[in-house]
Amino acid sequence: MNEQEEHINQFLTSSTYHQLSANQQKHAQDILVRFTQQMKNEQHLADTAWTPQAVKDVMVGDFIADPALTNQFGIAVAPVLKAYQKFLGVDQLKEITQAIDDQRANMNACRKAHQTWAQLHGGASKQDAAKQPVAAKKGAESAPAAEVKSQTAAVKQTTWTAEKLAQLISQVKDAMPAAAEFQHQSLSLGEQQYVVTEFLILMHQEFNQYPGEWVFADLQRVLGMMMPLDPDITPKQIKNIVPTAQALFDYLKRTGVIAMDQYKVGLKAIANMQNSEEMLASLSRKERETQLMLSFINSNGINTDDVKTAEAWMDDHQDEVAAFMRTLLNPWRDYEHQQLVKRQEVARRRAQLTAADRGEITHHRAPRGIKFSKKARKKRHRK
């Protein structure tokens, strides 16, 4: 282990790291490993010797041009880099912090375009080109482009069946303890396996879609609506549906199960889902049902804060609302039926108690005659 790796490992167990948000902690290790490596390759600087200009250059270089990087990754970069330099106690902390803030907008533009700043503006200037390693100048293909090609070529052509999906689920669960994508997560291994298994099963069971066939809208229904209504899922698991799904997408892309196009659809589906999941996790299951129904009404342009307007719309669209809720609750229909039976039994008992309190006659079984044994009957006849 070199000095930079030691610094990163120490940072990941420090109080400075634990002051970061959940999203920033999730991406911290990947950000620091990528950034320190690019800083070493492009600027030949150790992590304690960064300069403001070197930081700006690396932020808009190959570090951020990878098409696989998500919006959540981009959001986390600046605060993670600043926290890391603060942890190291570098001499130019104030100047480096300002450089990171100044370059953040340009970095995000590069990430969205999947290009370096030089590529985004029609090629590198002489000054920028002089800073690039000789190997990079001679390369006929950029690293991100080469990575995309290699990933696309590695995608496995699978004719899916239910049996093959079951095999994939088993393989993923077996690989999770060692797979890098599932490390440093908030959930335990068993909790992650539960979320991954349920997701893969529901996509096939409810929408007949296998990996590589997932549709954006159906991904959102399963991850953002159906899974939070699982009677057995915990609030902690709901809060971590998004990071666990992203880890699964990363793993499936790396192992060639899904192609880049499917990977991007998956990331797009979860891009703005985290806040909703955290809100749903704070509610009871019944309240989650209500919240999802209100979200559906709101998605139709109705202001749910206006109770009269919302109720009027529901009265006019009862079939649509019912069909939407049936879709979300379909995986849990057995549970819903059990709950219905319980409610009916409670209502019946309450009705009986109420009738008894009022002195009303309730229906009981008709009294049956008393049966005597033969011996008892003989004694009665003798008398």
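Two aromatic rings of Phe, Tyr or Trp count as a pair if their centres lie within 6.5 Å. The legends below describe a predicted model.

**Figure 1. An aromatic cluster brings together eight named residues: Phe11, Tyr17, Phe35, Trp50, Phe63, Phe73, Tyr84 and Phe87.** These residues form one cluster. A search of the whole structure finds 14 aromatic pairs. One of them joins phenylalanine 11 and phenylalanine 87. Their ring centres are 5.6 Å apart, and the planes meet at 65°. That geometry is edge-to-face. Phenylalanine 11 belongs to helix H1 (residues 3-11), while phenylalanine 87 belongs to helix H5 (residues 71-88). The pair therefore ties together parts that are 76 residues apart in sequence. Is phenylalanine 11 buried or exposed? Phenylalanine 11 is buried, with a relative accessible area of 0%. Phenylalanine 87 is partly exposed, at 28%.

**Figure 2. Tryptophan 214 and phenylalanine 249 form a tilted aromatic pair.** Centre to centre, the rings are 5.8 Å apart. The angle between their planes is 50°. Tryptophan 214 sits in the loop between helix H12 (189-207) and helix H13 (216-226). Phenylalanine 249 sits in helix H15 (residues 241-254). The two are 35 residues apart, and the pair links distant parts of the chain. Both partners are buried: tryptophan 214 has a relative accessible area of 5%, and phenylalanine 249 has 0%.

**Figure 3. Two lysines lie over aromatic rings: lysine 253 over tyrosine 263, and lysine 268 over phenylalanine 216.** Lysine 253 is 4.8 Å from the ring centre of tyrosine 263. The charged end of lysine 268 is 5.4 Å from the centre of the phenylalanine 216 ring.

**Figure 4. Helix H20 covers residues 318-329.** How far apart are the end C-alpha atoms of H20? They are 16 Å apart. This agrees with the expected span, because 12 residues at 1.5 Å a residue should span 16 Å. The buried residues of H20 are Val321, Phe324, Met325, Leu328 and Leu329. Seen down the helix axis, these buried residues fall within an arc of 125°, so they line one face of H20. An α-helix has 3.6 residues a turn, so residues three or four places apart point the same way. The face of H20 turned away from the buried side carries exposed Asp319 and Arg326.

**Figure 5. The whole chain has 22 helices and 0 strands.** Of its 383 residues, 38% are buried. The chain exposes about 22,200 Å². Carbon and sulfur atoms supply 50% of that area. Among contacts with a separation of 6 or more, 69% join residues 24 or more positions apart.

Methods: Residues numbered from 1 in each chain as written. Predicted model: local features only at pLDDT ≥ 70, side-chain atom pairs only at ≥ 80, totals over all residues. Heavy atoms only, no water. Helix = DSSP H or I, 4+ residues; strand = E, 2+ residues; numbered from the N terminus. Expected span 1.5 Å × (residues − 1). Buried < 20%, exposed > 50% of the residue type's maximum accessible area, 1.4 Å probe, protein only. Arc of directions from axis to C-beta. Contact = heavy atoms within 4.5 Å. Areas by Shrake-Rupley, 256 points an atom, 1.4 Å probe, with all protein chains shown as cover. Phe/Tyr/Trp six-rings, centres within 6.5 Å; stacked < 30°, edge-to-face > 60°. Lys NZ or Arg CZ within 6 Å of the ring centre and 35° of its normal.
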